[in-house]
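Here are my notes after a read through this one, in no strict order. Have the structure open as you go.

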Amino acid sequence: MSQPYQQYPPNQRYQQAPNQQRYYPPQGQPYSRSHERPWVPSQNPQQVPTYMPWKLPPRHSPVFYVMVAALAFLGVLGFIMILPMLTESAGNAGAISAGIVALIPVVVVSALVWWIDSWEPEPKWLMVAMFLWGGGVAVAISAWLNTAWGEAMWRSSGSPIKGEIWSAIVSAPIVEEAAKGLGVVLLFVFFKKNFNGPIDGICYGAMSGLGFAFTENILYFTRFYDDLGEIALLRFSSPLLHPLCTACIGMFLGFAVYAKSRWMALPLLVPGFLIGASIHFMHNGWATITDVNVVLTGEGSMGFNYFAVQIPSYIAALILVLWFRKEEEMIIRERLGEYQRAGWLAVHEVDMMGSLEGRRKARAWAKSRGPLAVNGMKRFQEETAHLALNRQRAALQTMTVPRAQREEARTLNSIGRAREMFMAGVR
């Protein structure tokens, strides 16, 4: 026998299995039962995953987060620039109180946008960035240009009242819609993968308009702080004005996604901007007429504005949203059916993704299995919806096949990883 084996007492010797190679512990290492291997395991023909099944791959690249951070930074910078305007009349405490009151319509309208975007939710960070753009950059641009335009009219006409009327009726609809819509255009250009159609454009535009309305409300509340309750009721009577107007711009940009050339966005921007600015113009025009009548005669009503402008606009917007949501539902069902027939998805997974109620029940089931399963199910639903719309864009030839296939491979890998996470332990 070899010298290494003779180091151990006979009762601790390695018992060799039949027809197996004898194993000797290395020189100088203490004896333990881990050395008692009856044979060397054969190689597994299937590779063990090298990743942790509870850790999902990143959905977005670092460049995505850098660009979102830059967009949000611009919004915050714009808000800081107009901060002196917000605190000028009522001070810091008044501005904070006004900001809390102004959050009320933000919560309500945000819930509405979340419902509109529920079929294929967009990244929340982009939604936040659009809100900051509207509440910061768009307000700063509008305050500067509206003031300059109003002063120019004042100097040319010699009447400060004409300057104010011009600024409210003509300048505000043009400048404000252009400033708010610019943020949506930037998303269309730099975040192509996250701009999949009219629904996305409506949601991005609405968030930009909501941010603008939030900051504008604070400005009005602090300027008339002694009558905060009355002013709040007046401002809250039109909570969807700014979101609706900018959503028109986003909707027409969303139509450009279905065009073979992204340059189609330029002509499509024209009707979107004109419709949004027209709704804004009619609202401000009638509000200005009402204010003048109150001053001159003590009478005035916004009833015409509500029944002739706002309510018809809201009804038309609701019809369009329901139509676009139904179209998105049909696309997701049809495209995921192709992946089900190819063996990438189960029948019950396609059924679940084709129903908002099915998705809710699936998330409730995952919640009973813990936070990791919840994260996995949420990611599974997001990526599966993205998979369907990615294939739809490739079918419409609005993106190259190689690019669509690369995105498909990434998405299918993420879907598989997410399924492993919420199905762990299920037999």
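1. Let me start towards the C-terminal end. Met421 counts as buried, because its relative accessibility is 8% and the cut-off for buried is under 20%. This methionine is found in helix 13. Its C-alpha is 10.0 Å from that of Arg379, and the two residues are 42 apart in sequence. Bear in mind throughout that this is a predicted model.

2. Now the overall fold. The protein chain has 13 helices and zero strands, so the pattern along the sequence reads α-α-α-α-α-α-α-α-α-α-α-α-α. Buried residues account for 44% of the 427 residues in the chain. Take the contacts with a separation of 6 or more: 76% of them are between residues 24 or more positions apart.

3. Next, the main core. The largest nonpolar core holds 52 residues, and the members that touch the most others are Met130, Leu187, Phe195 and Tyr204. Helix 5, which covers residues 198-223, supplies the largest share of this core with twelve residues. In soluble globular proteins, nonpolar side chains tend to be buried together.

4. Leu187 is worth a click of its own. Setting aside residues up to four places away in sequence, Leu187 touches Leu71, Leu126, Met130, Lys192, Phe195 and Tyr204. Three of the names there, Met130, Phe195 and Tyr204, also appear with Leu187 among the core members that touch the most others. There is also a second, separate core of 22 residues, with Leu56, Leu345, Ala366 and Ala388 among its members.

5. On to the second largest pocket. The space in this pocket comes to about 520 Å³. Its lining is made of 19 residues, and those nearest the centre are Trp114, Asp117, Ser118, Pro121 and Lys124. Four elements give two or more residues each to the lining: helix 2 (91-116), helix 3 (124-157), helix 11 (356-367) and helix 12 (371-395). By class, the lining residues split into nine nonpolar, three polar and seven charged.

6. Is Ser118, one of the residues nearest the centre of that pocket, buried or exposed? Ser118 is buried, because its relative accessible area is 14% and the limit for buried is under 20%. This serine is found in the loop between helix 2 and helix 3. Its side chain reaches the backbone oxygen of Trp115 at 2.8 Å. Beyond its neighbours within four places in sequence, Ser118 is in contact with Arg325, Leu356 and Arg359.

7. Then the enclosed spaces. Four cavities of 30 Å³ or more turn up, and the largest cavity has a volume of about 110 Å³. There are 13 residues lining the largest cavity, and Asn196, Tyr258, Glu328, Ile331 and Leu389 are the closest to its centre. Helix 5, helix 9 (303-341) and helix 12 each give two or more residues to this lining. Helix 9 gives the most, with four residues. Sorted by class, the lining has seven nonpolar, three polar and three charged residues.

8. A look at Cys248, please. Cys248 is found in helix 7, which covers residues 241-256. This cysteine counts as buried, because its relative accessible area is 10%, and buried means under 20%. Leaving out neighbours within four places in sequence, Cys248 is in contact with Gly272, Ile275, Gly276 and Ile279. Cys248 and Gly201 are 47 residues apart in sequence, with a C-alpha to C-alpha distance of 8.2 Å.

9. One backbone item to finish. Which sign does phi of Gln397 have, positive or negative? Phi of Gln397 is positive, near 60°, in a residue other than glycine. Gln397 lies in the loop between helix 12 and helix 13, the latter covering 401-423. Gln397 counts as exposed, because its relative accessible area is 51% and the cut-off for exposed is over 50%.

Definitions and conventions
Residues numbered from 1 in each chain as written. Predicted model: local features only at pLDDT ≥ 70, side-chain atom pairs only at ≥ 80, totals over all residues. Heavy atoms only, no water. Core = buried A, V, L, I, M, F, W, Y, C linked by side-chain atoms within 4.5 Å. Buried < 20%, exposed > 50% of the residue type's maximum accessible area, 1.4 Å probe, protein only. Contact = heavy atoms within 4.5 Å. 1 Å grid on protein atoms, 1.4 Å probe; cavity = no way out; pocket = protein on both sides within 12 Å on 5 of 7 lines; lining within 4 Å. Points joined across faces, edges and corners; volume = space filled by probe spheres on them. Nonpolar A, V, L, I, M, F, W, Y, C, P; charged D, E, K, R; others polar. Polar contact = N/O pair within 3.5 Å; in protein donor to acceptor, adjacent residues only side chain to side chain.
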